[in-house]
Amino acid sequence: MCIYLVTLDDERAKAALCSTSPLQEVRATMTITDSERPAEAHDASDARHTTLLPAVGASFFPIALVARFPYAMMVVGVLTLVVAGRGSLGIGGLTSAMVGVGTAIFGPLIGSAADRFGQRLVVMLAGLASSLALLTMSWVVYSPLPDAAVLAAAFVIGATTPQVPPMSRSRLVGIIARRIVPERRTAVTTSTMAYESAVDELTFVFGPMIVGLLAATMSPAAPVIGAAVLTLIFVTAFALHSSVHEVPSNRSAGVVAAPARELLRPGLVVVLVGVLGIGLFFGSLLTALTSAMSDAGHAESAGLVYGVMGIGSAAFALGSALFPAGFTLHARWIVFPLIMVVGTAALLVVEAMPLLLVVLLVLGIGLGPTLVVVYSIASDRSPRGRGATVMTMATTGIVVGQSAASAINGHIAETAGTQAALLAPLAAASLITVAGLVNRAMVARASSAGAEG
């Protein structure tokens, strides 16, 4: 197998290392990074900023923030619409699952297309298709068409999701590599991933709340129609923003993307396992909390209680930018998932609401920095010309994990009770921790082999 190492000074200067050693594969995975892409080949005069805001432009952040909300509203909005229009919670659940299936299959393909053809074209087309799919769903649910048509429409909604969160991360990472002075890139990247994770948390907390508000005050179709309008306006604005020029397509930049097999290297796979664990944690915890609140006679408050963790997670995601450089990403991937393990174990024994809220805050302390860590390492290990692909794969992993855990743990809660359902988030937190330990071992082995060489 030939592994290409790209130097920081010259993207085209490659050293071909042919080996079948698994250890060398790990080392290569950790050497081929997103920051070593064509951005580094630009003149040094391009890297003139020390902070991200002047490099990307102040208008980018509010546009990218609002453009995320349709993504956060879709699953809950579709569920609310189908339950109201078809009168079946079962069909509603299947419909939500179909949104996840569509995203899982086509999300990485959209990311790959963005790498190849550029974000502007791909995001615009996906946004237009997504708006049409959402509007179509609002009609199909109340039409005489069979339930199969509803499920098909849901699949199309998932398949056409514009993937704004991973596109935003990929775009900002590219801008950092091109426009930020080299000595500031690591710090700015960490701060950026902290911001991105915090924003994701906030949108996924407030997105369902907006869905509930629109459905209660207007109609069950209002959230889906609202998501279509937001997509049409703000996703289009995101696609057209001038920052898109800072991440040219591989074709226009003359970059030959790394082979697809690079996406399966051990160093990247272990990150994607950690991301999947986070998705499993999200889905299993929400269903377990819903079951617990239902047992207490307050099922309608489950979302608000869950939001306590989301707000805490967003705050500590932002705070992770203040961690000292000596507290490495690889060390954080062990420490903060362990906090999640302790918190989920505590959920098995707490009963009083004040204690439950405290435990959820503790979980937020662990979850926020963990999200920052996995996205940062995923960015670092993205193969050449595959930045948007990797970020989309990571986000898709969370969606798949969340959808699968919601369905499986919901069944567990119904058949075996809340206590059994509370074991699922504990298992998910443990999976994230194990992935972090494996990652640390891989890094240690690669460092040791590098020192010996």
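This report describes the helices, salt bridges and selected buried residues of one predicted protein chain.

Residues are numbered from 1 along each chain as its sequence is written, and side-chain values use heavy atoms, with hydrogens and water left out. Since the model is predicted, local features need a pLDDT of at least 70 and side-chain atom pairs count only at pLDDT 80 or more, whereas totals for chains, interfaces and linings use all residues.

**Overall picture and confidence**

The chain has 18 helices and two strands, where helices (H or I, at least four residues) and strands (E, at least two) are DSSP runs numbered from the N terminus. Of its 453 residues, 52% count as buried; here buried means under 20% relative accessible area, exposed means over 50%, and partly exposed lies in between, with a 1.4 Å probe and protein chains only. The accessible surface of the chain comes to about 18200 Å², and carbon and sulfur atoms account for 71% of that area, as computed by the Shrake-Rupley method with a 1.4 Å probe, only the protein chains shown counting as cover for residues. Among contacts (heavy atoms within 4.5 Å) that join residues at least 6 apart in sequence, 84% link residues at least 24 apart.

The average pLDDT, which is the predictor's confidence in each residue on a scale from 0 to 100, is 79 for the chain, and 84% of the residues score at least 70. Among the elements, helix H14 (residues 329–347) has the highest mean pLDDT, 93, and strand E1 (residues 2–6) the lowest, 33. Over residues 1–45 the pLDDT is below 50, although this stretch has 94 contacts in the model beyond near neighbours in sequence.

**Three helices and their spans**

The table sets the expected span of three helices, 1.5 Å times one less than the number of residues, beside the distance between their end C-alpha atoms.

| Helix | Residues | Expected span | End C-alpha distance |
|---|---|---|---|
| H4 | 60–86 (27 residues) | 39 Å | 39 Å |
| H14 | 329–347 (19 residues) | 27 Å | 27 Å |
| H16 | 387–416 (30 residues) | 44 Å | 42 Å |

In H4 the end-to-end distance agrees with the expected span, and yet this helix has a kink of about 45 degrees centred on methionine 74, the bend at a residue being the angle between axes fitted to the seven residues ending there and the seven starting there. H4 is followed by glycine 87, whose phi is positive, near 65 degrees, and H16 is followed by glycine 417, whose phi is also positive, near 100 degrees. In H14, the buried residues include Leu329, Trp333, Phe336, Pro337 and Met340.

**Salt bridges**

The structure holds four salt bridges, each defined as a side-chain nitrogen of Lys or Arg within 4 Å of a carboxyl oxygen of Asp or Glu. Glutamate 196 forms one of them with arginine 68, the closest N and O atoms being 2.3 Å apart; the pair links distant parts of the chain, with glutamate 196 in helix H9 (residues 185–217) and arginine 68 in helix H4, 128 residues apart. Both glutamate 196 and arginine 68 are buried.

Arginine 68 also forms a salt bridge with aspartate 200, with 2.9 Å between the closest N and O atoms. Because arginine 68 lies in helix H4 and aspartate 200 in helix H9, this pair ties together parts that are 132 residues apart in sequence, and aspartate 200, like arginine 68, is buried. Arg68, Arg169, Glu196 and Asp200 are linked in a network of salt bridges.

The side chains of arginine 86 and aspartate 147 meet in a further salt bridge at 3.0 Å, N to O. Arginine 86 lies in helix H4 and aspartate 147 in helix H7 (residues 147–159), so the pair ties together parts that are 61 residues apart in sequence. Aspartate 147 is partly exposed, with a relative accessible area of 32%.

**Two buried polar residues**

Serine 376 lies in helix H15 (residues 353–380) and is buried, with a relative accessible area of 2%. Leaving aside neighbours within four places in sequence, serine 376 is in contact with Met193 and Leu329, and its C-alpha atom is separated by 9.6 Å from that of valine 173, 203 residues apart along the chain.

Glutamine 163 is found in the loop between H7 and helix H8 (164–179), and at 1% relative accessibility glutamine 163 counts as buried. Its phi is near 60 degrees, a positive value in a residue other than glycine.
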